[in-house]
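Work through the following exercises with the sequence and the 3D structure open beside you. Try each task before you read its solution.

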Amino acid sequence: MNMIVADEANRRFVLNTKSFTYAFQVNDAGFLTNLHWGGRIDRVDDLPTTREVLCHRHYLPRRGEVTRQEYPGWGGEFYGEPALKADFPDGARVCLLQYESFQMERNTDCEELTVALRDKGYPLEVKLHYRIYADSDIIDRRSEIINRGEKPVVLQSAMSACLQLPRIDHDYRLTHLAGRWGKEHTLERQLVNQSKITLENRTGLSGPLAVPFFALDDGSATEHTGMVWFGTLHWSGNWKITVEREYNEQVAICGGINDFDLSWPLKPDEAFETPVFSLGISREGFNGASRILHDYERAHILPPGAMQKTMPVIFNSWASMGIDVSEEKILHVAEKAAEIGAELFVIDDGWQSALGDWFPDKRKFPHGLKPVIEQVKALGMDFGLWVEIESFELNSELFRSHPDWLMSFPGRDIYYNIREEIGRTSMMLNLAREDVREYLHQSLRQLVIETGIKYLKLDMNCFFTNPGWNEESPALRQTIWVKYVRNLYYIFERLNREFPDVLLENCASGAGRSDLAMNRYFARMNRSDNQDPLDILKMHEGYTWLHLSRMAGGGCHISDAGYHINLRKTPMKYQAYIGIMGSLSVGKNLPGCTAEELDEIRIYTDLYKKLRHIPQFGDLYRIASHYDNPYAAFEFVSKDKSEALLFVFGHSIQFADKVPAFRLHGLNEDAVYEIEYYGNNPQGGYNASVNAYQPISGRGLHEIGIRVELLGDYDARILHFKRN
Ligand code: DGJ
C-alpha cells in the first residue's frame with residue numbers, strides 16, 4: 001500500500017509507493033539526511049542509519065553531517081549544489097537548515113508530509129512538502145521558503161528539491177531530452193563521473209533546447225528491464241537540474257527554478273513557493289518509467305475532463321495556407337475538410353488584425369469570423385483559432401496604447417523578433433505585469449465567448465531577449481522570470497475553469513514549453529513543426545519519455561509541411577500512420593488534392609477514428625527504436641488488455657534483410673488474439689516469408705513475437721490485436 005510513516009521518536013520518515021521507498025532521518029547534528037531512494041522496503045528497521053548511508057568515511061565529521069541532505073543550504077562544509085542560498089539582513093550569506101517539526105495530512109487519494117526546517121542563525125523557515133498518491137507510483141516534492149523574521153531576506157536560489165542517489169558499483173548513466181526547433185525531444189546520454197552536469201534553460205521557456213527531465217540508471221537498463229531513477233520539474237520558464245557526483249562519491253540531483261539572473265526579496269512573513277519536482281523509480285526500464293509518468297499525468301495532471309475525451313481529427317490551415325487566410329478561402333477549404341472527415345477546423349496564424357489585437361483582420365474577413373464559423377459548424381465540425389498573446393506588433397493598437405508594456409531594458413535597442421518568411425516584426429509583452437495579465441485574460445475570454453471556439457492554440461515564437469522591467473523597483477526587477485510564468489498559468493487556469501469544453505494546445509513553436517506544468521492546462525501539444533516522418537520517429541520516441549502519446553499534435557501530420565526541412569518526399573500513408581499514434585491532424589492543400597488523394601486521406605481519418613481509443617487510453621511500449629534500426633515499432637495496449645496495436649515503420653531496408661520478430665508486452669499471456677492488419681499485404685509480394693496472420697496467444701506474442709515483413713522504403717503497418 002502507498003503510505004507515509006512518520007516515526008516521531010526516531011525523527012525518521014518513510015514514504016512508500018507501489019515500487020519504491022524514499023526515506024530520510026534527522027542526523028545527530030540536526031540535518032535531514034536521505035537514507036534511501038530505491039526499491040521498496042517494508043521493514044523500516046532494514047534502513048541504514050544516517051552514518052551508514054554516507055558514501056565516504058569522512059575524516060572531517062562536519063562534512064559528513066551535511067552530505068546527503070534533503071534540502072541543503074549553502075553553508076558549513078557543504079560544497080555541492082545548494083538547494084537554498086540567501087542573503088540575510090545582518091550580511092550573512094550562508095544558511096544551515098535544521099529540522100524543526102513535521103505535519104501529516106491524509107486524504108483518501110493522497111497523503112502529504114510537510115517537514116519544517118529552520119536556519120540556525122535567522123528565523124528563515126523552509127517547508128518541505130512530500131506528496132504520495134493512492135493510484136500513482138510518484139512522489140511530488142516542492143518547497144516553501146518563509147521569512148519568519150522582522151527584516152527582509154533576499155533569496156538567490158531556492159530549488160524545489162534535492163535528491164540523493166544510492167551508491168552503486170558503476171557510474172550512473174544520465175539520459176535527458178534536448179534539441180532545437182525542428183529537432184525537439186532528442187535523447188542524449190552521458191556518464192556521471194566526478195563533475196557537475198547542468199541541464200537548464202535560460203530562454204524564459206522550458207524547451208526545446210533542453211527539457212526539465214532526467215533519468216539515471218547504472219548503465220545496464222534497457223527499454224524493458226533494469227532500474228531507472230527519474231524525475232521531472234513542473235515549470236515552464238527558466239529551470240535548472242544539476243546532476244552532480246561530489247568529491248565524496250555522493251550523486252545528488254538538485255532541481256528547480258533557475259537561479260540564473262534571479263533574486264527574490266522576501267519581506268517579513270512572505271513566502272516563496274517552488275514548483276513541483278516529481279520523482280519515481282521504474283523496475284521495468286525506461287518504458288516502465290514512461291508508463292509511470294503517463295499514468296500519473298492521466299490521473300493528476302491533465303485538465304479535468306480531457307482524459308475522458310478522444311482527440312478529434314483536426315484540420316489546421318498553417319501547413320497549406322500560411323498567413324494567407326481569408327473568408328473566401330476558408331469557406332472553400334472547410335467543405336473539403338469536412339469531406340476528409342475532419343472534426344475540428346482550426347484557422348492558424350493570419351486571421352488576426354495584428355499580434356496584440358485579437359480581432360479579425362477586416363481586409364481578410366470583412367464580415368468578421370461569423371460566416372466562417374457558421375459554415376464550419378454547419379458542416380459538422382468544431383471551430384478553433386490560433387493566438388500568440390505574449391507578443392505585439394509595432395503597428396498594433398495594443399502597442400500604440402501601451403508602449404510601456406514592452407519587455408525591454410533602458411539604453412538597449414528594442415529586440416525585435418523578425419519573421420522574414422511572413423513579413424512580421426514583433427516584440428515581447430511583459431506578462432510579469434498584472435495589468436498585462438488581466439488584459440490578456442480578458443481578450444481571450446472575450447474571444448472565446450464571441451466566437452464559441454472549442455479549441456485555442458497558444459503559440460509563442462521567440463525566446464526572452466531583453467527581460468527588463470524598469471517600472472518595477474530595482475530590488476524586484478529580477479522577479480520578472482518567475483512572475484511572468486505564474487501569470488501565464490493564471491490566465492490558462494482561469495480559462496480552463498471558465499470554458500472546460502475548450503481544448504487548449506500548447507504550441508510554443510513546437511515544444512518551446514515542454515513540461516508537466518503546461519500539461520495541467522493544455523491537453524494537446526505541438527511536439528514539433530517538423531513533419532518529416534523519419535525525423536518524427538526519433539522525436540516521438542523522446543517525446544513519449546515524458547509526455548502522453550495522445551497529446552502529440554504538430555502543425556499537421558498529413559501534410560507537405562516537413563518537406564522543406566530535409567527536402568524529403570514521403571508517402572501519405574507513412575505520415576498518417578505516425579499521426580494515428582498521437583492526435584491526428586491534416587494540413588494538406590485540400591483544394592489542390594485530386595479526388596483519389598482526398599479519398600485516401602479519408603481512409604486514414606476513418607482508421608484513426610476506429611483505432612484511436614487504444615493509443616489514447618492505453619499503455620505505451622516502445623518496442624524498437626529508430627535510433628538503432630532502419631525501422632521503429634510502438635505498441636499500445638488497452639488497459640483491460642483486450643486490444644492492442646502495433647505500429648511498425650520501416651525505411652531503407654536492405655539486402656533482403658528480415659526484421660526480427662517484434663516481441664510484444666503487456667498482453668494477457670493466456671488470452672488468444674486475432675490479428676487484423678493495415679498497410680501492405682503481409683504476404684509481402686515475391687518471396688514473402690510471413691504467412692497470413694493466425695490467432696496467437698499473449699504469451700506467444702511475448703516470447704516468440706510477431707513477424708512483420710518490411711520491404712524497401714517507407715513501409716508502414718498497423719497490426720490490431722483483438723482478444724478472442
Ligand atoms: C509556429 C507554430 O509552431 C506553427 O504551427 C504555426 O502556428 C506558426 N508558428 C504560426 O506563425
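**Exercise 1. Locate Pro208 and describe the peptide bond that leads to it.**

Solution. Begin with the place: Pro208 sits in the loop between strand S14 (196-201) and strand S15 (213-217), where helices (H or I, at least four residues) and strands (E, at least two) are DSSP runs, numbered from the N terminus. Next, look at the bond from Gly207 to Pro208, which is cis, with omega near -10 degrees. As a general background, most peptide bonds are trans, and most residues other than glycine have a negative phi.

Before going on, note how the values were obtained. This is a predicted model, in which residues are numbered from 1 along each chain as its sequence is written, and in which local features need pLDDT of at least 70, side-chain atom pairs count only at pLDDT 80 or more, and totals for chains, interfaces and linings use all residues. Side-chain values use heavy atoms, while hydrogens and water are left out.

**Exercise 2. Find the loops that hold Asp261 and Ser652, and give the phi and the exposure of each residue.**

Solution. Asp261 belongs to the loop between strand S18 (251-257) and strand S19 (264-266), and its phi is near 60 degrees, a positive value in a residue other than glycine. With a relative accessible area of 31%, Asp261 is partly exposed; here buried means under 20% relative accessible area, exposed over 50%, and partly exposed in between, with a 1.4 Å probe and protein chains only. Ser652 lies in the loop between strand S36 (643-650) and strand S37 (672-679), and although Ser652 is not a glycine, it has a positive phi of about 50 degrees. Ser652 is partly exposed, its relative accessible area being 38%.

**Exercise 3. Decide whether Thr50 and Cys556 are buried or exposed, and list what they touch.**

Solution. Thr50 is in the loop between strand S4 (32-39) and helix H1 (61-65), and with a relative accessible area of 14% Thr50 is buried. Not counting residues up to four places away in sequence, Thr50 touches Gln25, Val26, Asn27, Thr33 and Leu35, where contact means heavy atoms within 4.5 Å. Cys556, found in the loop between helix H11 (533-546) and helix H12 (563-566), is buried as well, with a relative accessible area of 0%. Leaving aside its neighbours within four places in sequence, Cys556 is in contact with Asn316, Ala319, Gln531, Ser585, Val586 and Gly587.

**Exercise 4. Describe the surroundings of the ligand.**

Solution. Start with the 13 residues around the ligand, of which Asp348, Asp349, Arg419, Asp459 and Asp529 come nearest; a residue is near a molecule if one of its heavy atoms lies within 4 Å of it. Then consider the polar contacts, which are pairs of N or O atoms within 3.5 Å. An oxygen atom of the ligand is 2.7 Å from an N or O atom in the side chain of Asp349, and an oxygen atom of the ligand is 2.9 Å from such an atom in the side chain of Lys457. A nitrogen atom of the ligand is 2.6 Å from an N or O atom in the side chain of Asp459. Finally, the ligand taken alone exposes 290 Å², and the protein buries 99% of that, with areas from the Shrake-Rupley method and a 1.4 Å probe.

**Exercise 5. State the confidence of the model.**

Solution. The mean pLDDT of the protein chain is 95, and 98% of its residues reach 70 or more, pLDDT being the predictor's confidence in each residue, from 0 to 100. Over residues 682-689, however, the pLDDT is below 50.

Key. A polar contact is a pair of N or O atoms within 3.5 Å; within protein, one must be able to donate a hydrogen and the other to accept it, and residues adjacent in sequence count only if both atoms are side-chain atoms.
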